[in-house]
Amino acid sequence: MDNGEYKAYLKQQYSNEIRPLQSVNDVISAFQKKLDIAETELSESEAIFLKMTILNYINVHKNDPIKSNLDNLNFISYEVVRNEKSDHYYNHMGITSDNERILVIIESQLNAITSNCEELKVDMIIERGIDTSHVNQETPEFFAYLMLFDSHNENH
């Protein structure tokens, strides 16, 4: 399948699943209905994940007008409580130790959300949605969003 055929397939297959862009706080609220998620402090080893996340956000936004505010980012971390509701994600990551946990980190100024669990991160990005301007203009971000549905379906 060439690139054009794949794009046509993605649009045909997933256009009805596109969600309008929501805030990260709305995404957290939606996932709190599906999973037990509690605000948490990061351990020293988990703080490395946050530092890498901060560096990624700074790099991505270095040419944006928001750059002047990058020193004022406010990250909030959440723990996905391990229980029946979250077993799918924990099993997917292969976490067997009680010392390891799945984290969700948000930054509301950038409307950014991430997780150390790739499958949960994909699910949250799908839930978060996409700006309609990307959909209307069929931007690369639009097709990247549609590809998440393809990835999601392969993992479920």
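User: Before we get to the sheet, when do two strands count as paired here?
Analyst: Two strands pair if DSSP finds at least two bridges between them. Keep in mind that this is a predicted model.

User: OK, so how do strand 3 and strand 4 pair, and over how many bridges?
Analyst: They run antiparallel, with four bridges between strand 3 and strand 4. As one example, Val-104 has Ser-115 in strand 4 as its bridge partner.

User: And what's the strand order in the whole sheet?
Analyst: It's an open sheet of four strands in the order 1-2-3-4, with antiparallel pairing. Strand 1 and strand 4 are the edges, each pairing on one side only. On average, neighbouring strands are turned by 25 degrees against each other, ignoring direction.

User: Which strands does helix 2 touch?
Analyst: Helix 2 packs on the sheet and touches strand 1, strand 2, strand 3 and strand 4. Its direction makes about 150 degrees with that of strand 3.

User: What about helix 5, which strands does that one lie across?
Analyst: Helix 5 lies across strand 2, strand 3 and strand 4, and runs at about 155 degrees to strand 4.

User: Back to helix 2. Which of its residues are buried?
Analyst: Val-24, Val-27, Ile-28, Ala-30 and Phe-31. They sit on the same side of helix 2, because they cover an arc of only 160 degrees around the axis. Their cover includes the four strands, strand 1 to strand 4, along with helix 4 and helix 5.

User: Take Val-27 and Asn-25. Buried or exposed, or somewhere in between?
Analyst: Val-27 is at 0% relative accessibility, so it counts as buried. Asn-25 has a relative accessible area of 40%, which makes it partly exposed.

User: What are those two in contact with, beyond their sequence neighbours?
Analyst: Leaving aside neighbours within four places in sequence, Val-27 is in contact with Ile-113, Met-124, Glu-127 and Arg-128. On the same terms, Asn-25 is in contact with Ile-106 and Ser-108.

User: How many residues are in the largest nonpolar core?
Analyst: There are 18, and Phe-31, Val-80, Ile-102, Val-104, Ile-113 and Leu-120 have the most contacts inside it. Helix 2, strand 2, helix 4, strand 3 and helix 5 each supply at least two residues. Helix 2 gives the most, with four.

User: And Leu-120, what is it in contact with?
Analyst: Again leaving out neighbours within four places, Leu-120 is in contact with Phe-31, Leu-35, Val-80, Tyr-89, Ile-102, Val-104 and Ser-115. Apart from that core there is another one of 11 residues, including Val-122, Ile-126, Phe-143 and Leu-146.

User: Switching to charges: how many salt bridges?
Analyst: A search of the whole structure turns up seven. In one of them, Glu-138 pairs with Lys-11, with the closest N and O atoms 2.9 Å apart. That links distant parts of the chain: Lys-11 is in helix 1, Glu-138 in the loop between helix 6 and helix 7, 127 residues apart.

User: What about Glu-118, which residue does it bridge to?
Analyst: Lys-121, with 3.7 Å between the closest N and O atoms. The two are three residues apart in helix 5, so about one helical turn separates them. Elsewhere, salt bridges that share partners join Glu-46, Glu-79 and Arg-101 into one network.

Note on methods:
Residues are numbered from 1 along each chain as its sequence is written. This is a predicted model: local features need pLDDT of at least 70, side-chain atom pairs count only at pLDDT 80 or more; totals for chains, interfaces and linings use all residues. Side-chain values use heavy atoms; hydrogens and water are left out. Buried means under 20% relative accessible area, exposed over 50%, partly exposed in between (1.4 Å probe, protein chains only). The arc is that of the directions from the helix axis to the C-beta atoms. Contact means heavy atoms within 4.5 Å. A nonpolar core is a set of buried Ala, Val, Leu, Ile, Met, Phe, Trp, Tyr and Cys residues joined through side-chain atoms within 4.5 Å. Axes are lines fitted to C-alpha atoms, for helices over the stretch in contact, and angles run from 0 to 180 degrees between N-to-C directions. A salt bridge is a side-chain nitrogen of Lys or Arg within 4 Å of a carboxyl oxygen of Asp or Glu.
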